[in-house]
Structures are given as structure tokens and as C-alpha cells.
Amino acid sequence: MEIFAHRGCSGEHPENTMAAFRAACAAGADGIELDVQLTKDGEAVVIHDERIDRTTNGIGFVKDFRYKQLKLFDAGSWFNRRFSRETIPALRDVLDYIKSERPDMKVNIELKNDVFPYEGLEENVLQCIERSGMEKSVILSSFQFSSMGKIRDFAPDVETALLFQGIPSNMMEEAKRVRASALHCESAYAASPAGKRAAEAGYALRVYTVNQTDQLEAFKKAGVSAIITDYPDLFLGNKSVPL
């Protein structure tokens with residue numbers, strides 16, 4: 001069962017920053033999960049929220065800034081002052097870093113297009129992936145299922161996953177419709193009869209966001225492929241992490 005670092009090692013570093021991704025690489029995580037949105041000038045940037053208010057010292061929507069403006073904001077001090085030099089990274093820079101430091105690492109890119117449609121986001125992200133030569137290492141996911149169908153049309157060899165909440169009964173049908181091969185779900189789905197059927201049918205189940213070890217054996221029995229956690233060190237046995 002693989003261990004993915006949720007927004008990097010976000011339990012101990014500011015989420016979706018190079019510091020969090022460097023820590024995930026150093027920890028030996030099998031993969032990282034990150035979120036992507038588009039700037040006003042069409043740069044794919046790594047940030048979870050549509051607004052920059054929570055994780056930077058700026059105010060406003062990602063889509064209303066040019067990338068050179070976004071880079072000026074402090075994306076680390078909200079977490080701890082020692083991360084004051086962290087900024088919002090461009091997707092291309094993150095992919096280049098992973099390719100050079102941990103070419104074996106998987107990168108789960110969540111397209112944050114369920115609030116704003118971000119026209120051209122799929123093409124932009126795929127261009128970043130092609131530029132980095134990481135087509136075989138990435139997994140694209142979204143709550144917007146039609147976006148995954150679009151990715152499949154553009155890049156048949158790139159893995160796609162449906163991201164969802166709860167225990168819907170029709171996820172295999174939805175996955176077939178957009179030709180996705182993985183389901184990114186909560187623990188309740190993985191433990192449900194629907195999750196068991198999906199795993200038995202060959203869909204990769206990756207469970208988010210798991211920050212305690214008490215369900216590990218149950219996940220293994222359920223056929224879970226990976227867990228996505230804020231504390232990869234906890235699951236990799238590197239150290240004890242207070243929760």
C-alpha cells in the first residue's frame with residue numbers, strides 16, 4: 001500500500017509549498033498530492049483554495065492575479081514564521097523538482113475546477129506534464145468528472161481518477177463513462193461493499209485524508225492501493241508524529 005503526502009508533508013510544513021514537497025521526498029513517500037488552479041495569465045499554480053487569503057498574506061482569487069504578482073506573496077508564515085520565504089509554486093517547477101530529485105515518485109495532481117471552470121486547465125496541465133516528461137508518473141484527479149473524460153481524450157496514457165465524498169453506489173459506472181482507472185475516496189467508501197466491488201473490479205482505491213494508523217489493516221484487507229496523509233513519516237516509520 002503506497003503512502004502519498006497530502007499537499008506535501010502538510011502536517012509539519014505549509015501545504016502545497018516547495019518546503020512541503022522537499023520534505024515528502026526526503027521522507028521517502030511513494031507520491032505527493034497537490035492542487036492546481038490557473039492564474040489570470042494562464043499559469044498552472046499549486047494552491048488548494050480558490051482564494052489566497054488562508055495560506056498567504058494576500059487577499060483575493062487566484063484567477064485575478066498574474067503569476068508574477070502571486071509569487072510576491074508569503075505562503076509560509078501563516079504556518080510558521082520560519083517558512084516566510086515560501087511562495088506559491090508553479091506546477092512546472094514542482095514537476096521539474098520531482099523529476100530531478102525523485103523520478104520514481106508519483107504525483108497526484110488535483111484539478112481544482114469544481115468552483116471555477118478554468119477554461120483550458122486540462123490542456124495547460126498536460127503541457128506541463130509533457131514538458132517535464134512525467135507522463136508515466138502522474139495521476140490526474142478531480143471532483144469534476146467530465147474534466148477527467150477530457151483528459152482521457154487528450155492524453156489516453158495518463159492515469160485519471162475520480163475524486164468524491166461519501167458512499168455513492170454508481171462510481172464504477174461513472175468511472176467507465178469517463179474511462180478513469182482509479183477512485184480517490186474517503187475511508188467509509190473503501191470499507192463499504194461498493195468499495196470492495198470497485199477494488200475487486202480492478203480500480204485503484206486511494207483513500208484521503210488518513211492521519212491515524214488504526215485502520216491500516218482494514219485498508220489492506222479492502223484492497224486499498226494507497227493512503228493520502230498529512231503525516232507520511234507516521235506511516236513510513238521514520239518518527240512518531242503527535243496527532
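## A guided tour of the predicted model

Begin by selecting Ile32, Leu34, Leu91, Ile109 and Leu183, the residues with the most contacts inside the largest nonpolar core, which has 74 residues. Please keep in mind throughout that the model is predicted.

Next, keep Leu91 selected and display its surroundings. Which residues does Leu91 touch, apart from those up to four places away in sequence? They are Leu34, Val36, Ala44, Val45, Val46, Ile109, Val125 and Cys128. Leu34 and Ile109 are thus met again, having been listed with Leu91 in the opening selection.

A second core, separate from the one just visited, consists of 9 residues. To find it, select Phe4, Ile139, Ala161 and Tyr208, which are among its members.

**The largest pocket**

Now turn to open space. The largest pocket holds about 190 Å³. Its lining is formed by 15 residues, and those closest to the centre are His6, Glu110, Phe143, Leu163 and Tyr208. Select these five to place the pocket in the viewer. Then colour strands β2 (31–38) and β4 (106–111), the elements that give two or more residues to the lining. What is the chemical character of the lining residues? The lining comprises 4 nonpolar, 6 polar and 5 charged residues.

General background explains how such spaces can be found: a probe the size of a water molecule, rolled over the atoms, shows where empty space is left.

**Phe154 in helix α5**

Select helix α5, residues 145–154, and locate Phe154 within it. Is Phe154 buried, partly exposed or exposed? Its relative accessibility is 44%, so Phe154 counts as partly exposed. Beyond its neighbours within four places in sequence, Phe154 is in contact with Glu122, Glu123 and Leu126. Draw a distance between the C-alpha atoms of Phe154 and Leu126: these residues lie 28 residues apart along the chain, and the separation is 8.4 Å.

**Helix α6 and its two sides**

Proceed to helix α6, residues 171–178, and select its buried residues: Met171, Met172, Glu174, Ala175 and Val178. Look down the axis of α6; the buried residues fall within an arc of 160 degrees, so they line one face of the helix. On the other side of α6, select Lys176 and Arg177, both of which are exposed.

Against which elements do the buried residues of α6 pack? Display α5, β6 (159–163), β7 (182–185), α7 (187–191) and α8 (193–200) to see these partners.

Finish just after α6, at Arg179, where the phi angle is positive, at about 60 degrees.

Conventions: Residues are numbered from 1 along each chain as its sequence is written. This is a predicted model: local features need pLDDT of at least 70, side-chain atom pairs count only at pLDDT 80 or more; totals for chains, interfaces and linings use all residues. Side-chain values use heavy atoms; hydrogens and water are left out. A nonpolar core is a set of buried Ala, Val, Leu, Ile, Met, Phe, Trp, Tyr and Cys residues joined through side-chain atoms within 4.5 Å. Buried means under 20% relative accessible area, exposed over 50%, partly exposed in between (1.4 Å probe, protein chains only). Contact means heavy atoms within 4.5 Å. On a 1 Å grid over the protein atoms alone, a cavity is a set of points where a 1.4 Å probe fits but cannot get out, and a pocket is an open set with protein on both sides within 12 Å along at least five of seven lines; lining residues have an atom within 4 Å of a point. Grid points are joined across faces, edges and corners, and a volume is the space filled by probe spheres set on the points. Helices (H or I, at least four residues) and strands (E, at least two) are DSSP runs, numbered from the N terminus. Ala, Val, Leu, Ile, Met, Phe, Trp, Tyr, Cys and Pro count as nonpolar, Asp, Glu, Lys and Arg as charged, and the others, Gly among them, as polar. The arc is that of the directions from the helix axis to the C-beta atoms.
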